[in-house]
Amino acid sequence: MTREEIKTAILEFFRKEFEIENPGMEDNLREIHGFDSIDAIELLLEIEKLLGSELTQEEKKRAMDIQNLNQVCDYVESLAKVR
Amino acid sequence: MERRVVITACSAITPIGRTKAEILDSLMNGISGVNVLREDDVLSPYIHSKVFGTVDYPITYDFKRQYRKTMGPVAYYACQVAKEVLDSAGLNDAFVTGGRLGVAFGSTHGSPTVQRGIYKTFFSGSQAGYSSIGAVDYLKSMVHTTAVNITKMFGITGRVISSSTACTTSSQSIGYGYEMVKYGMQDAMICGGADEYDTTTVAVFDNLLACSTAFNDTPQLTPRPFDVKRDGLVVGEGAGAVLLEEYEQARKRGASILAEVIGFSCNNNGGDLILPNLGGITETIRLGLKDAKIPTDDMDYISAHATGTKMGDVIEAQAIYNAYGGRPAVTGFKSYMGHTMGSCGAIETIIMTYLLAEGFVVPTLNLEEVDERCAMINHVRVRRECPLRIAAIQNFAFGGVNTSIIIKKWEGR
């Protein structure tokens, strides 16, 4: 999965499920888009579907510091590399 | 210190309409909201009762995603009536979020629609696993989902009470909300209940032979409270909310006062969890009158729980007669819309508020021939103008829980 494919899938998920249209890749998701803990868990479930495998508890904990979409893409990219 | 408690706003979603005008039109003209049970892919083929009190009109929700994401159907109902109550009341934001406004709101069992989705995931035989259950499914389906979605949507920081006592859910909400304000714990409470369309509840009552089955082809002829041909209850859906406010606060801010809550009682039969209990119900009525500090002769109009079951209606009629004699007018409003479960107490309180203000009593629908065992009380058989001052709303639930709410027409002071 290329970086561009990950970005496209994540942006589509944000548009469809979170009703966030055209977010900036460096936007602080919490401060600008009202992203909260529930959204974060929903996003992790979507990432599991995207990768086709469940995330470990350690992998999920790593996601807790994510603040923007570039970091989401970095996170997914790093997970894809070890699968 | 005991403070006066008034109703300053109300809103309902019922099988017989949304607005005061629509609901009164149905009551005045004998229009039923009972229709054919909608088919589903789980239970409906096995249920003998094919009738339901349905909300068939569209409701336009205008909730942002940040609120929608934790709401199942029951919370949509709850938040909509709560929103309309707050819009109507005109409370300022500082008060709404300041901690002196609380919420007492419940449902029979959260959102069965969402719960059904969870069970399907488990029992579908797929490899989806537990993680396929959405992160918000619990928030959508938990028993206090209505109350806390209301607090979230409006930033309410006061007390939260979330009764979940089946048919007394929202009468407890109003009663406990009343006590919160009366005794100074809160200055206002949004109180009510909601239940979504659900065949699980129908199946439960159907299995207990408590559902109406003889009028499947003529849904609007059932339920038939107090009638010789009654054959059981009809489950319904809906929601109701009232804003209870401390009188002096309401007066000072120029709120429109709809009625005063003057009494509440709740007890338990202390035994059987299903069968109605004459002693328990009679005692609830008496406790309500004691709390209201009124003599029995002051009671003008009673909203009977009157589900249309064989035993329940007889026991309730006896209890009413024991407590009040044969003077107060009695109507069973479930005859118009079925049993809206967790919302019935709130909806019936709202209906009584409307009728007190308008000075009308309306008949129990489908009451064609009164069962002689229920004949000792003053059934309303025809719509008529009637000077009304005080009314009671009675509800009784599985589990032996009984409630009585007593309200008074607002006469300007």
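L91 of chain B is buried, with 25 other C-beta atoms within 10 Å. The cut-off for burial is 20 or more such atoms, so L91(B) passes it. The model is predicted. In it, L91(B) sits in the loop between α3 (73–89) and α4 (93–97) of chain B. The points below start from this residue and go on to the chain, its sheet, its helices, some backbone details and the contact with chain A.

**Around L91(B)**
- Leaving aside neighbours within four places in sequence, L91(B) is in contact with L86(B) and V96(B).
- L91(B) and G236(B) are 145 residues apart in sequence, and their C-alpha atoms are 32 Å apart in space.
- The helix before this loop, α3(B), lies across β1, β4, β6 (188–195) and β7 (238–246) of chain B. Its direction makes about 135° with that of β1(B).

**Chain B as a whole**
- Chain B has 14 helices and 15 strands.
- Of its 413 residues, 56% count as buried.
- The radius of gyration of chain B is 20 Å, which agrees with the value near 22 Å for a compact globule of 413 residues.
- Taken along the principal axes, the box filled by the C-alpha atoms of chain B is roughly 65 × 55 × 40 Å.
- Among contacts in chain B between residues at least 6 apart in sequence, 81% join residues at least 24 apart.

**The eleven-stranded sheet**
- Eleven strands of chain B form an open sheet with mixed pairing, in the order β5-β4-β6-β7-β1-β8-β15-β14-β9-β10-β12.
- The edges are β5 (160–161) and β12 (378–379) of chain B; each has a single partner strand, so one side of each is left without a neighbour in the sheet.
- At the β5(B) edge, strand β4 (residues 101–106) of chain B pairs with β5(B) in the parallel sense over two bridges. A104(B) has I161(B) as its bridge partner in β5(B).
- Helix α7 (residues 145–154) of chain B packs on the sheet and touches β4, β5 and β6 of chain B. The directions of α7(B) and β4(B) make an angle of about 150°.

**Strand β8(B) and its two partners**
- Strand β8 (residues 259–268) of chain B is mostly covered, with eight of its ten residues buried.
- Strand β1 (residues 5–13) of chain B runs antiparallel to β8(B), and three bridges join the two. V5(B) is matched with V261(B) in β8(B) as its bridge partner.
- Strand β15 (residues 401–409) of chain B also runs antiparallel to β8(B), joined to it by nine bridges. Here C266(B) has T403(B) in β15(B) as its bridge partner.

**Helix α8(B)**
- Helix α8 (residues 169–182) of chain B is mostly covered: 14 of its 14 residues are buried.
- Its end C-alpha atoms are 20 Å apart, which agrees with the 20 Å expected for 14 residues at 1.5 Å a residue.
- G184(B) follows α8(B) and has a positive phi, near 85°.

**Backbone exceptions**
- Most residues other than glycine have a negative phi, and most peptide bonds are trans.
- The peptide bond between T222(B) and P223(B) is cis, with omega at about 0°. P223(B) lies in the loop between α9 (199–207) and β7 of chain B.
- A306(B) is not a glycine, yet its phi is positive at about 35°. A306(B) belongs to the loop between β9 (301–303) and α12 (310–324) of chain B. With 32 C-beta neighbours inside 10 Å, A306(B) counts as buried.
- N366(B), another residue other than glycine, has a positive phi near 65°. N366(B) is placed in the loop between β11 (360–361) and β12 of chain B. N366(B) counts as buried because it has 23 C-beta neighbours inside 10 Å.

**Contact with chain A**
- Nine residues of chain A are in contact with eight residues of chain B.
- On the chain A side, the residues that touch chain B divide into four nonpolar, one polar and four charged.

Definitions and conventions:
Residues numbered from 1 in each chain as written. Chains lettered and ligands numbered in written order. Predicted model: local features only at pLDDT ≥ 70, side-chain atom pairs only at ≥ 80, totals over all residues. Contact = placed C-beta atoms within 7 Å. Nonpolar A, V, L, I, M, F, W, Y, C, P; charged D, E, K, R; others polar. Helix = DSSP H or I, 4+ residues; strand = E, 2+ residues; numbered from the N terminus. Rg over C-alpha atoms; globule rule 2.2 N^0.38 Å. Buried ≥ 20, exposed ≤ 12 C-beta atoms within 10 Å, placed from the backbone. Pairing = 2+ DSSP bridges. Expected span 1.5 Å × (residues − 1). Axes fitted to C-alpha atoms, helices over the stretch in contact; angles between N-to-C directions.
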